[in-house]
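Subject: Handing over a structure

Hi there,

Here is the structure I promised to pass on to you. Have a look at it first, and then read on for what turned up in it.

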Amino acid sequence: MDKNQYKGIYVFAEQRGGVIQNVAFELIGKATELAQSINEKVTAILLGYQVGNLANDLIAAGADRVLVVDNEYLKDYLTEPYTQAISHIINTDKPEIVLIGATTIGRDLGPRLSARLLTGLTADCTSLDIDEDRNLLMTRPAFGGNLMATIICKQHRPQMSTVRPGVMRRKESDSSRKGEVIPVEVPFDSSKFRVKLVKRELETKSLVDITEANVLISGGRGVGTGDGFDKLRALAGVMNAEVSSSRAMVDAGKMPHERQVGQTGKTVRPDLYMACGISGAIQHLAGMEESDFIIAINKDKFAPIFQVADVGIVGDLHKILPILTEKIIALQNKHKA
């Protein structure tokens, strides 16, 4: 394989219902850093139906070019049409690196592309870098999160990676940036479309996605299976926060999976993260250690969570949280007066 024919960094700009997902902007931000180190350009791949108006948002986020495949086949996500479209672009343009968000869509699309393009894929990366030989250094948790493995794809191109939402920082958009918007015609083979979307049912959710929350109050095993989460919700109510949890509480049936923080849950970067009754296993830390400010409450003064916390409180969260809630309410009332 002549690696010299492969150029540029491509990002799959995932959109749903005409809304670009945050992970796409995060990946474009990271791609611009990587591209500068090897003097290459960043290209966003935008697929959908009547989505061309979204291209300028991707340029403002850092993309130098946006390839737009606008086709009714791509109105809703289905594996085969999306795979055909991106495979066509990659086989035509030969990018050196392709980045995909590790969303439900990305986790389905990435492996299919990898198999079709006969190249490797490193999933759920937490760090990306490039060495002096232009190999993409893809770092991800391994062995149950007990160590970090850095993987390279020496023999095949493109080098492909999926990255969880919230892992990379989104850069500030610059509406003055200029870039190319290029329509792409894909020769779809509809005879291979074996799956059809019959019906869409959207679940109505009143809660804010925890990856979007500015303040998170998270509960672990120490919260218990009684009314512990009621105390967390009461505090969250006065702090305009969202409630999340560790895996232990999801496994116990106290919280839904979409509220889970950690290696097998979601990666979050709130301004404030309160860890209540969470010991701080490495699998949980992987999902929240980049938070701007961390407060930990735990009865065990040797709990690993205190090693990453900015403020640690050793004590019973069942006694501390109600007092904290009352104090905040009193301060808010005093402020109003």
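A good place to begin is helix 3, whose buried residues pack against strand 1 (9–12), strand 2 (15–16), strand 4 (42–48), strand 5 (65–70), strand 6 (97–101) and helix 4 (104–117). Please keep in mind that this is a predicted model. The average pLDDT of the chain is 89, and 96% of the residues score at least 70. Among the elements of the chain, strand 1 has the highest mean pLDDT, at 95, and strand 10 (residues 147–151) the lowest, at 85.

Back to helix 3. Eleven of its 15 residues are buried, so the rest of the structure largely encloses this helix. Among those buried residues are Thr-79, Tyr-82, Ile-86, Ile-89 and Ile-90. The length of helix 3 (residues 79–93) works out as well: 15 residues at 1.5 Å a residue should span 21 Å, and the end C-alpha atoms are indeed 21 Å apart. Just after helix 3 comes Lys-94, with a positive phi near 55 degrees.

Next, the cores. The largest nonpolar core has 36 residues, and Ile-9, Leu-58, Val-66, Leu-99, Leu-128 and Leu-136 have the most contacts inside it. Several elements each supply at least two residues of this core, including strand 1, helix 2 (55–61), strand 8 (127–130) and strand 9 (136–142). Helix 1 gives the largest share, nine residues. Apart from this core lies another one, of 23 residues, and its members include Tyr-10, Phe-12, Ile-86 and Val-184. If you would like one residue to zoom in on, try Leu-58: leaving out residues up to four places away in sequence, Leu-58 touches Ala-13, Ile-20, Phe-25, Ile-28, Ala-44, Leu-46, Ala-63 and Val-66.

Further along the chain, strand 13 (residues 215–219) is worth a visit. Five of its five residues are buried. In a regular strand, side chains alternate between the two faces of the sheet. In strand 13 both faces are covered, with Val-215, Ile-217 and Gly-219 on one side and Leu-216 and Ser-218 on the other. Strand 13 also has two parallel partners: it pairs with strand 15 (residues 272–276) over five bridges and with strand 14 (residues 242–245) over four bridges. To find these pairings on screen, look for Leu-216, whose bridge partner in strand 15 is Tyr-273, and for Ile-217, which stands opposite Val-243 in strand 14. Together with helix 5 (residues 228–239), strands 13 and 14 make a right-handed β-α-β unit.

Finally, a few spots in the backbone. Most residues other than glycine have a negative phi, and most peptide bonds are trans. Asp-124 and Asn-240 both have a positive phi: that of Asp-124 is near 55 degrees, and that of Asn-240 is about 55 degrees. Which of them is buried and which is exposed? Asp-124, found in strand 7 (residues 121–125), has a relative accessible area of 15% and is buried. Asn-240, in the loop between helix 5 and strand 14, counts as exposed at 73% relative accessibility. There is also a cis peptide bond, from Arg-157 to Pro-158, with omega near 0 degrees. You will find Pro-158 in the loop between strand 10 and strand 11 (159–163).

Enjoy exploring!

Best wishes

Technical notes
Residues are numbered from 1 along each chain as its sequence is written. This is a predicted model: local features need pLDDT of at least 70, side-chain atom pairs count only at pLDDT 80 or more; totals for chains, interfaces and linings use all residues. Side-chain values use heavy atoms; hydrogens and water are left out. Buried means under 20% relative accessible area, exposed over 50%, partly exposed in between (1.4 Å probe, protein chains only). Two strands pair if DSSP finds at least two bridges between them. A crossover is right-handed if, with the strands pointing away from the viewer, the path from the first strand over the helix to the second runs clockwise. The expected span of a helix is 1.5 Å times one less than its number of residues. Contact means heavy atoms within 4.5 Å. pLDDT is the predictor's confidence in each residue, from 0 to 100. A nonpolar core is a set of buried Ala, Val, Leu, Ile, Met, Phe, Trp, Tyr and Cys residues joined through side-chain atoms within 4.5 Å.
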